[in-house]
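Subject: Structure for you to look at

Hello,

Here is the structure I said I would pass on. My notes on it follow below.

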Amino acid sequence: MEITHVQSSFVAPLGGAESYILALATEQVRRGDDVEIVTGWTDPRTVERARRAGIRVRTVQVHRPYRPDQHGGGAVAKVVFHALDLMGAVTPAPLDLDVQEPGRITHVHRFQGLGAQVLRARRSPVVHTAHDYCLVDTTSTTIRDGREPDGLGPVQRLRARTIWSAARRASILVFPSERTLARHRALGMPNDGVAQRVLPHGWPAPAPVAPAAEGSARPRFVFLGKLQAAKGVALLLEAWPLIGVDAELVVAGDGPERPAVERAAAAGHLTYVGWLDGPAKAALIASATALVFPSLWPETFGLVIAESLLSGRPVVATPQAAGSFVRDGENGLVTSGASPAALAETLRRLALDEALRDRLARGAADSALALDFGTHVDRIAEVYADAREIFARRR
């Protein structure tokens with residue numbers, strides 16, 4: 001099979017969506033598929049990493065007012081950025097032809113920064129996986145003033161309708177969870193015009209990690225991910241001093257909240273280890289009593305949750321982060337709310353109850369079976385086959 005994955009930026013350090021694309025493409029190559037990744041922005045390190053896996057990376061020229069690692073670049077730049085996406089939805093721009101080739105499957109993962117025209121199935125079947133909420137919301141999170149509104153304003157609704165004019169021409173839209181699909185529909189995404197499927201992500205099992213040497217029974221909580229407001233970094237920093245028990249917090253990641261994390265580390269409140277990947281990341285997860293995932297937006301999947309469960313480590317999550325993967329009392333704990341007091345109380349409970357920790361660890365290992373990556377890639381192949389049939393019927 002010939003497959004083109006489309007992602008607006010593919011720059012190290014890779015976030016959750018980018019890591020998923022790389023893992024999916026790597027497995028597809030291993031199965032004998034011809035795979036390329038098309039992006040508007042990448043770097044030599046990431047290109048080389050993909051090349052070693054047998055994946056081609058191709059860049060296309062796009063006009064964006066700021067680098068993908070500048071997180072918005074100011075109000076004017078944001079307006080220009082989203083205006084360019086809208087122009088692609090309503091004009092016959094050539095980018096969709098640049099990324100589509102007859103006979104190939106085009107799998108779009110994040111169109112923001114490239115333009116919505118890449119969602120159109122014009123020369124090949126197009127599958128779009130919604131890794132966030134950019135089909136209906138410019139912020140991609142649907143969060144406003146720290147909460148999830150029941151609806152968005154008229155400007156966002158008008159934008160969503162415009163984007164839909166391109167998205168409805170895709171062959172199939174894929175959502176990683178029922179909650180993700182329901183949230184899209186609640187915020188105005190139509191329920192017609194294009195096939196819509198729920199297909200939970202999988203994730204490759206980590207390589208075995210040597211057990212840590214016996215030592216202190218001091219509980220260790222680990223945060224892994226981008227250090228940004230939506231991931232609940234500030235919430236965790238506020239909650240940790242309230243825990244009131246002898247425990248350790250290790251933070252790994254990078255992003256705009258890094259200075260606050262470094263100040264907390266300098267004060268002795270936590271250990272900051274920077275961005276980790278590969279074996280170092282797996283070893284840190286394996287060493288944890290539990291992963292802490294205090295995200296403030298309705299996560300579509302939560303890759304780090306999958307990594308933790310596959311390592312047999314339970315997860316402490318906010319209700320927004322938990323989704324359908326973290327089941328309270330079974331493979332982790334879900335806080336009573338997204339407040340510092342609620343998070344601190346949940347961490348304290350787990351730190352003080354060894355029997356609970358053991359039970360949740362067993363539950364985490366059991367729930368990992370649902371994340372089998374081979375099964376997931378099989379299901380993606382089935383989606384591609386359906387997309388071909390839909391595309392052929394439309395022509």
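Contact in these notes means heavy atoms within 4.5 Å. In that sense, and leaving out residues up to four places away in sequence, Thr 162 touches Leu 86, Ala 89 and Val 90. Thr 162 sits in helix H5, residues 154–167, and its side chain reaches the backbone oxygen of Leu 158 at 2.9 Å. Please keep in mind throughout that this is a predicted model.

Nonpolar cores

The largest nonpolar core has 49 residues, and Leu 224, Phe 293 and Val 315 are the ones that touch the most other members. Helix H14 (residues 373–394) supplies the largest share of this core, with seven residues. A second core, separate from it, has 35 residues, among them Leu 119, Phe 175, Val 194 and Trp 297. In soluble globular proteins, nonpolar side chains tend to be buried together.

As for Val 315, its contacts beyond four places in sequence are Leu 291, Phe 293, Ile 305, Ser 308, Leu 309, Val 326, Asn 331, Gly 332 and Leu 333.

Helix pairs

How do H1 and H14 lie relative to each other? Helix H1 (residues 16–30) packs against H14 at an angle of about 80°, with the axes 11 Å apart. Angles of 65 to 115 degrees count as roughly perpendicular, so H1 and H14 are roughly perpendicular to each other. On the H1 side the contact is made by Tyr 20, Ala 23, Leu 24, Glu 27 and Gln 28, and on the H14 side by Phe 373, His 376, Val 377, Ile 380 and Tyr 384. Seven of the residues in this contact are nonpolar, two are polar and one is charged.

H12 and helix H13 (residues 354–367) pack at about 95°, with their axes 5 Å apart. This pair is therefore also roughly perpendicular. Arg 349, Leu 350, Ala 351 and Leu 352 of H12 meet Glu 354, Leu 356, Arg 357 and Leu 360 of H13. The residues of this contact are five nonpolar and three charged, with no polar ones.

Ala 351 belongs to H12, which covers residues 340–352. With 12% relative accessibility, Ala 351 is buried. Beyond four places in sequence, Ala 351 is in contact with Pro 219, Phe 221, Val 245 and Arg 357. Its C-alpha is 8.2 Å from that of Arg 218, and 133 residues separate the two in sequence.

His 5 in strand S1

His 5 is part of strand S1, residues 2–7. Is His 5 buried or exposed? Its relative accessible area is 0%, so His 5 counts as buried. Not counting residues up to four places away, His 5 touches Ile 21, Leu 24, Ala 25, Gln 28, Val 35, Glu 36, Ile 37, Val 38, His 107, His 109 and Tyr 384. The C-alpha atoms of His 5 and Ile 37 are 4.7 Å apart, with the two positions 32 residues apart in sequence numbering.

Loops and backbone geometry

The loop between S1 and H1 contains Pro 13. A cis peptide bond joins Ala 12 to Pro 13, with omega about -5°.

The loop between strand S5 (126–129) and H5 holds Thr 141, and Ser 140 and Thr 142 lie there as well. Ser 140 has a phi near 75°, positive although the residue is not a glycine, and phi of Thr 142 is positive too, at about 70°. Most residues other than glycine have a negative phi, and most peptide bonds are trans.

The cut-off for buried is under 20% relative accessible area. Ser 140, at 12%, is therefore buried; Thr 141 is buried at 15%; and Thr 142 is buried at 0%. A polar atom of the Thr 141 side chain lies 3.2 Å from the backbone nitrogen of Ile 143. Outside its sequence neighbours up to four places away, Thr 141 touches Tyr 133, Ala 230, Trp 297 and Pro 298.

Gly 274 is in the loop between strand S10 (271–272) and helix H9 (278–286). Gly 274 is buried, at 14% relative accessibility. Val 251, Ala 252 and Gly 253 are its contacts once residues up to four places away are set aside. The C-alpha atoms of Gly 274 and Glu 262 are separated by 9.5 Å, and the two residues are 12 apart along the chain.

Regards

Note on methods:
Residues numbered from 1 in each chain as written. Heavy atoms only, no water. Core = buried A, V, L, I, M, F, W, Y, C linked by side-chain atoms within 4.5 Å. Buried < 20%, exposed > 50% of the residue type's maximum accessible area, 1.4 Å probe, protein only. Helix = DSSP H or I, 4+ residues; strand = E, 2+ residues; numbered from the N terminus. Axes fitted to C-alpha atoms, helices over the stretch in contact; angles between N-to-C directions. Parallel < 35°, antiparallel > 145°, perpendicular 65-115°, else oblique. Nonpolar A, V, L, I, M, F, W, Y, C, P; charged D, E, K, R; others polar. Polar contact = N/O pair within 3.5 Å; in protein donor to acceptor, adjacent residues only side chain to side chain.
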